[in-house]
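Student: Pick one part of this model and take me through it up close, in one go. I'd like the cut-offs spelled out as you use each term.

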Amino acid sequence: MHGIRICALLLGLVSATRGSTVRHDHSFQPDHILRVTAETYTEACSERYSVLVNGSSPGPELRLREGEVNWIRVYNDMPDANTTIHWHGLTAFTSPFSDGAPAASQWPIPPGHFFDYEVRPEAGSAGTYFYHSHVGFQAVTAKGSLIVDSRSPPPYHYDEERTVMISDYFSETDDEIESGLTSTNFTWSGETEAILVNGHSRPATNATGACKLAAISVEPRKSYRLRFIGATALSFISLAVESHDLQIIEADGHYTKPFATEFLQIGSGQRYSVLLTAKSEDELKKVNKRDFYIQITTLERPEVLTNFAVLHYESDTHSPDLTTVPSPPPLPVASTVQGWLDYELEPLVQDNHFPRLEEVTRRIIIDVHQNVSDRTIWLQNGYDWVQSYPKSPYLVDIYKNQLNLDATYHRAITRGNGFDNITRTFPAQIGEVLEIVWQNRGTVDNGGVDAHPFHAHGRHFYDIGGGDGLYNATANENHLKGTHPVQRDTSVLYRYRKETSQLVPSGWRAWRIRVTSAGVWMYHCHVLQHMEMGMQTVFTFGDREDILAQSGPVDGGYLTYGGSAYGNATSAPFVQHFKQ
Ligand code: C2O
Ligand code: CU
């Protein structure tokens, strides 16, 4: 052990041009500490064995400042499971091992070990994000909000802000759900049993304990920025606040032009900030109430679930009733608005460098459908991808010169329509501008169709819309005329119908991406069940030289599972500082 560490240290000192290696012993103070445990935890009036961050779900809110390096130490205090933390929506492209995607860009943190993530939100990235485990089904509970604050005042005025994180409750444990989904005797996880707001919910039926609805407290007349975070495992939700209108000002970390709306539709992985102006005392007197329900309904699932939280106006004499679940719901039960915000939402900045059609160098169509044979899996261009597929993380193999990106690129271009089936990657070269189309098709057996919130790690994409049927590039280009596509990191592939015939096109979602950040980036559906069932892809940006040019040489301590970049109770890790 000793020998290995000295060797790793020497490697770092000799080779690092950019990032020096520092032993993070007891004199090193991380900026934030997250401890991941697995324990019995109560949510929605039920007990479940869950993965938690700092003892709760959600874990603590992290606040980072644009442009500043934050060292976030993640302890894996679980006895028998790996973990990682992914900073959902942040680009991590100059800290090569800090994206938190196991099997793609880092070895996971073994039980009893810890890892120091170097996270520097880019200038201009102020906004709403979250962090979550990227291993198995852990993210159903192992997560928390992550807010990036700007150095300058935000472009919109508000008096205060509130975070509203939305998640799902499943009674089966992560292990039960994972093994059911991946076994030859396929067993579905079941549907979500409760929608939680900041970890709280009281289901309409079967609630016997003391669990309460979440309260979002406001004061009369003040203006609020509500940061909604779609941290569900499965649920695509619609949300509205009784007697209050909302104005969207941010989507996935990008300020937008104000967009007035009565409701939000949020897929897993998406975030919105909205402005809400609190009513005056006079207005509250007129309606004779101080509590207004936030009504949340699941969309596009066989069962419709409606749960609530409370927007509560503070006062000395009144506390909110958080145990009564209204029945019937105070608002009409929502249904899906297909293509909500598509072609309509606009960036706040005049020019967000949207790539015009003339700049697109390559179009990649990704056909997605489910296949039911010995197992039930989701395929992209005929292949599934799960965390257990690669023997070691791609990025590690690239640094070790064991993955030849030139060869994968050649194969993908000459015979794979952009996909290399040997490595199951989509390789791209720096400078390319990709148009990526997710094309939904009916299941191979009964023609079923699902909705999928597709998420990109690394650089955000420009969302160029979606529609029913088969993607038609010419028609969409016409549709885009006069619009100003926004950048996002998650957007929803709608399903348009419950079923069609086998492999028949049933909806598409299209993105444009400038390939600028060398690295290995997961693009995947953010539904945790679908990820387990193979609905994930790996994009590699750049060749080995680009990746090395960006990071400089890296220490051997990152290149083995439990290597010396990972600390434990008896040894401090040797950590490269890539960004300072
Ligand atoms: Cu929040 Cu790979 O995702
Ligand atoms: Cu999906």
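Tutor: What follows is a walk along one domain interface, with a few other spots after it.

Ground rules: this is a predicted model, where local features need pLDDT of at least 70 and side-chain atom pairs count only at pLDDT 80 or more, while totals for chains, interfaces and linings use all residues. Residues are numbered from 1 along each chain as its sequence is written, chains are lettered from A and ligands numbered from 1 in the order in which they are written, and side-chain values use heavy atoms, with hydrogens and water left out.

The protein chain splits into domain 1 (26-39 + 47-152), domain 2 (160-313) and domain 3 (357-551); the bounds come from an automatic or database domain assignment. Let's sit at the seam between domain 1 and domain 2, whose C-alpha centres are 23 Å apart. There, 25 residues of domain 1 touch 27 residues of domain 2, contact meaning heavy atoms within 4.5 Å. Together the two domains bury about 1900 Å², with 57% of that on carbon and sulfur atoms. Buried area here is the accessible area (1.4 Å probe) that two parts lose on being put together, summed over both. On the domain 1 side, Arg48, Thr128 and Phe137 account for 35% of the area buried against domain 2, more than any other three residues.

Arg48 also has a charged partner: its side chain forms a salt bridge with Asp174, at 2.7 Å from N to O. The rule wants a side-chain nitrogen of Lys or Arg within 4 Å of a carboxyl oxygen of Asp or Glu, and between these two domains it gives 2 salt bridges. Looking at polar contacts, 13 residue pairs cross the interface, both residues at pLDDT 80 or more. Such a contact is a pair of N or O atoms within 3.5 Å; within protein, one must be able to donate a hydrogen and the other to accept it, and residues adjacent in sequence count only if both atoms are side-chain atoms.

Which strands of domain 1 supply at least two residues each to the side touching domain 2? They are S3 (46-53), S8 (127-133) and S9 (143-149), and S9 gives the most, with 5 residues. Strands (E, at least two residues) and helices (H or I, at least four) are DSSP runs, numbered from the N terminus. By type, this side of domain 1 has 9 nonpolar, 10 polar and 6 charged residues. Nonpolar covers Ala, Val, Leu, Ile, Met, Phe, Trp, Tyr, Cys and Pro, charged covers Asp, Glu, Lys and Arg, and the others, Gly among them, are polar.

Beyond the seam, the whole structure has 33 salt bridges. One of these joins Arg151 and Glu68, with the closest N and O atoms 3.5 Å apart. Arg151 is in the loop between S9 and strand S10 (160-169) and Glu68 in the loop between S4 and strand S5 (70-76), so this pair ties together parts 83 residues apart in sequence.

For backbone oddities, Ser57 and Pro58 are joined by a cis peptide bond, with omega about -5°, and Pro58 sits in the loop between S3 and strand S4 (62-65).
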